[in-house]
Amino acid sequence: MAYATKLGALTEELVTLLTSTSVNSDPARFNLHRESALRALRHHNFARTNQFDVTSQFDGLDEKFRVLLEDPLADALKERLNILAKLEVKWAPEILHLLLELSDRPVEKSKLENLDFLKEPEPDPGPTLKWKDLIAEDPLLRDKSVWQNVDFGAESSDGEDGFEDSRSELTGLTNTTLQSSVDEEFNQRPEDYAIDTINKEDLDQLRDAQFWQKTPTVDGVQLETVKTTITELQAIREVLFMLLGLPTSLFEILGEGPIVPKRKYALKHASADAFFKVGRSFSEQGTAVMRLRSWAKRDQSIPLIQVLQSSILCRTVEFDARISDIQQRFVSPVKDIVVSLLSVQAEVSSYMRPLVRLSEIIKKLEDERYPHAFRYLELLYDEACTSQLAGDGVIYSFIGRLFFECFKIYLRPIRKWMEDGELTKGDKVFFILEASGDIEPTLLWQSRFKIRRTQDGVLHAPRFLQAAANRIFTTGKSVVVLKHLNQFDSLQSVRGDFELSLDFDSVCNPEVLGYAPFPELFDSAFHTWVESKHHSASSMLRRILFDSCGLQTSLDALSHLYFLADGATASVFTNSIFDKLDTLDLSWNDRYTLTELAQSTFGAIPSLSSDRLRTSVLTLSRKHQDVAKCRRTVKVLSILELKYHLSWPIQIILTPATISTYQRIFTFLLQIRRSSHILSRQRLITDGLTKSSSSDERALYYSLRTRLLWFTQMLYYYLTSLVLEPLSQKMRADLKATEDVDTMIEVHTCYIKTTIDQALLGSKLELIHRTILKILDLGIKLEDAQAANAAANKEALEKQQEMMDLSMASLGLHTPQRKGLSRPLLKEAKGEAESSSDDEEQNIDVDLSILSSTFDEKGDLLYFEKLRNMKTDFDRWVRFVASGLRGVARAGGGGEARSWDTLGEMLENGLDAGGMGHR
């Protein structure tokens with residue numbers, strides 16, 4: 001208690017002198033400095049100052065003074081060192097070492113006269129007594145006879161008259177006496193007052209302990225090559241000092257490299273080789289600890305590296321405490337102990353083994369070129385797995401605890417990202433980065449945040465986290481989207497305060513889960529930790545997309561718009577376009593007219609908002625600029641595009657890239673409807689234009705027309721009933737069953753890809769798709785040929801009738817009145833039909849005879865031959881499509897192959913059915 005009180009008082013005085021603060025002036029600051037100083041003084045593990053080194057330094061300083069002709073200064077220093085040695089001050093080496101450290105060019109700046117300031121002032125003796133003062137008080141002293149000597153031998157027999165005193169004798173005696181007194185008082189040295197208290201036995205024992213200062217001698221000749229023998233206790237002391245990182249005489253450090261034992265020392269009772277091997281074993285362990293100490297002292301700015309340094313320092317401090325306990329056992333034994341270097345080695349090895357393994361990890365980390373900051377986490381993880389497999393519980397527990405201590409720092413940016421949707425600015429360790437600049441809300445999910453990867457495309461994250469990286473990435477993005485939707489407060493209220501603790505005891509628990517593999521334990525615990533944050537954010541965002549943002553309604557709108565799910569409504573839109581094409585109306589591709597038509601037609605659908613609907617028209621190629629030419633092929637319909645604006649949260653799922661796929665499917669359906677529409681216009685009952693045709697022509701025409709109608713209807717049925725409807729229903733069910741937005745995007749993307757492949761629009765079926773478009777063009781070609789033939793027959797019939805009328809008139813016969821329209825009247829009726837409104841019912845026929853002049857087939861080819869050629873082309877192309885689909889289906893696999901095989905089989909069965917065509 002007295003020691004603590006004295007230490008506290010001295011510490012307070014030291015703090016006051018150094019900081020110029022006191023308990024009265026600034027209590028808070030004073031207490032802070034005092035506690036910090038007391039903690040450092042109480043818990044230090046520094047060894048005592050080497051008194052022999054201090055003595056050697058002062059001897060060198062004395063010699064330096066004398067070489068530089070400063071003998072008085074050297075004598076003064078020597079005198080005071082001798083005085084200090086006699087005082088037997090316990091902390092004299094520390095005090096002298098402090099003075100040496102504080103000294104600054106003592107030869108130049110030291111002055112002997114400054115020593116006078118160290119002397120205590122003599123007390124004032126008062127005024128001196130003088131003879132004149134005595135005479136003034138006693139006048140009898142003026143008589144000189146008073147000072148004469150008395151002759152006590154006046155009556156003696158020697159006959160002497162008396163004692164004679166002369167002034168010269170008195171004066172000489174007085175001067176001699178005074179001079180001797182001064183010399184005796186002022187010429188004595190400090191050594192004259194010294195008392196001999198040196199214990200020769202203790203001094204000899206101390207000198208014997210300084211083995212490093214001994215050199216073997218033979219007859220007074222030093223033998224440098226002979227090994228110096230030391231005791232086992234001395235070797236133990238040197239080994240323990242070396243393990244503590246202190247300089248020793250038994251070991252040496254080769255630069256910044258390893259520690260090696262010196263060969264100049266040997267044990268008395270052991271061979272030199274055996275002692276050297278033991279020393280080398282200790283030096284290897286010391287090298288490992290030194291590597292840890294030096295690496296932990298390096299300057300690091302990355303928190304993930306700093307936490308490893310802190311953990312290493314904590315473990316080296318624990319190791320130092322254990323070494324100090326061993327030292328205490330030998331310095332102040334409480335019972336009899338055996339001094340054995342091998343027993344110390346066995347004891348120290350149990351402490352050293354985890355540190356040596358950790359040192360190997362640090363060395364491997366240093367040897368790698370440009371390692372990532374989290375690289376040591378992977379090494380610790382691998383070492384924990386290896387040590388557990390080897391059954392080494394000590395290493396497993398040591399490395400496992402160190403791993404989780406460091407992993408907690410790596411969890412900080414992950415927690416911040418998954419809970420708040422935020423990234424630390426300038427953090428290059430985390431595997432998620434944010435794009436610079438402003439990002440549109442529609443690209444918030446896809447483009448604002450990216451996963452950081454290396455130049456080799458490897459995820460910039462520890463290997464053991466790569467399985468959960470996408471889920472972590474998705475959770476943070478979900479939180480960001482919820483913030484933009486003003487739903488972050490709702491998310492915070494849903495989350496609980498409990499969080500799974502990720503530490504070694506909670507995750508691994510060796511007593512209960514000792515035989516469970518470490519990777520499985522970690523993956524399970526980390527997956528649970530991630531799921532606790534992922535589920536709340538992802539489920540809330542998914543619910544908001546369906547309920548508040550109208551994802552289901554948007555899917556219905558796209559289905560009605562691009563897949564023409566409502567056939568009646570779609571027919572009003574498509575037939576109006578087809579009628580304008582057949583009547584050569586130049587406004588068929590006017591985007592304003594088309595937008596108005598689409599809004600008025602599809603606006604009646606409840607799930608579709610007409611305000612969001614627009615149309616766009618691509619530029620026609622030069623050869624299709626003429627409407628009379630462009631109407632002959634269904635390919636021209638690809639210039640028509642429907643644009644339906646979706647809200648930005650919905651565009652996260654239904655990305656703009658997928659909308660273009662919807663447009664391709666819409667174009668294909670529109671092309672099929674175009675061919676079917678023109679084939680369905682001709683009525684069998686009202687067909688008066690083909691009465692003049694032969695029966696073979698009519699049979700061949702109707703046979704080919706029936707086949708084309710069968711092909712278009714069957715193809716449209718395949719796309720709508722066997723592809724679009726089943727896949728759409730499955731996609732919607734899968735969307736409702738998903739867990740997060742990324743899975744929803746993946747489901748929709750997979751749906752689009754599957755739909756494109758099964759709808760014959762994939763890259764594998766490009767040739768088959770072009771062939772199908774040729775077959776669809778064949779329907780337009782057939783009706784144009786029939787219209788041209790009907791117009792030619794009608795004109796021939798009218799000419800024949802006119803000639804008959806003229807013949808009868810020349811014979812004077814009465815000409816009967818013919819029913820029907822004359823040629824001028826027929827043309828007038830045609831003009832009225834062309835100027836009719838576009839809003840007529842779709843069952844109103846368009847007279848295709850007006851297109852007869854635009855049919856560009858060769859005139860020398862008969863109508864019947866044209867029909868036969870078209871039938872031949874139809875059969876060849878359809879068989880090519882059927883065989884091609886079945887061939888691709890056999891080569892491939894999956895749902896697409898089954899759909900292709902089904903369509904191919906339908907086409908083959910239709911071609912092989914009897915009565916399908918004219919032979």
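These legends accompany several close-up views of one predicted model. Residues are numbered from 1 along each chain as its sequence is written, and side-chain values use heavy atoms, with hydrogens and water left out. Because this is a predicted model, local features need pLDDT of at least 70 and side-chain atom pairs count only at pLDDT 80 or more, while totals for chains, interfaces and linings use all residues.

**View A. R375 and E378 meet in a salt bridge within helix α14.** A salt bridge here is a side-chain nitrogen of Lys or Arg within 4 Å of a carboxyl oxygen of Asp or Glu, and by this rule the count comes to 38. For R375 and E378 the N to O distance is 2.8 Å. The two residues are three apart in helix α14 (residues 375–389), so about one helical turn separates them. Helices are DSSP runs of H or I with at least four residues, strands are runs of E with at least two, and both are numbered from the N terminus. R375 is buried at 17% relative accessible area, and E378 is buried too, at 8%; buried means under 20%, exposed over 50%, and partly exposed in between, with a 1.4 Å probe and protein chains only. Look around this pair and you will find a network of salt bridges linking E368, R375, E378, D382 and R463.

**View B. R401 and D505 join distant parts of the chain.** The closest N and O atoms of this salt bridge are 3.1 Å apart. R401 sits in helix α15 (residues 393–420) and D505 in helix α18 (residues 504–507), 104 residues apart. Both ends count as partly exposed: R401 has 33% relative accessibility, and D505 has 43%.

**View C. Helix α20 is tied to helix α16 through E531 and R471.** In this salt bridge, the closest N and O atoms are 2.7 Å apart. E531 belongs to helix α20 (residues 518–547) and R471 to helix α16 (residues 466–484), so the pair ties together parts that are 60 residues apart in sequence. R471 is partly exposed at 24%. Helix α20 also holds T528, which is partly exposed at 41%. The C-alpha atoms of T528 and E499 are separated by 9.8 Å, with their positions 29 residues apart along the chain.

**View D. Strands β9 and β10 pair in the antiparallel sense.** Five bridges connect β9 (residues 613–617) with β10; two strands pair if DSSP finds at least two bridges between them. One to pick out is R614, whose bridge partner in β10 is K643. Strand β10 (residues 640–644) is mostly covered, with four of its five residues buried.

**View E. A nonpolar patch lies on the surface.** I83, L87, V89, W91, I95, L98, L99 and L102 make this patch of about 780 Å². Patches are made of residues with over 30% relative accessible area and no salt bridge, joining nonpolar side chains (Val, Leu, Ile, Met, Phe, Trp, Tyr) within 5 Å and like charges within 9 Å. Accessible areas come from the Shrake-Rupley method with a 1.4 Å probe, and for residues only the protein chains shown count as cover. Helices α4 (71–87) and α5 (92–102) each supply at least two residues, and the largest share, four residues, comes from α5. I95, found in helix α5, is partly exposed at 43%.
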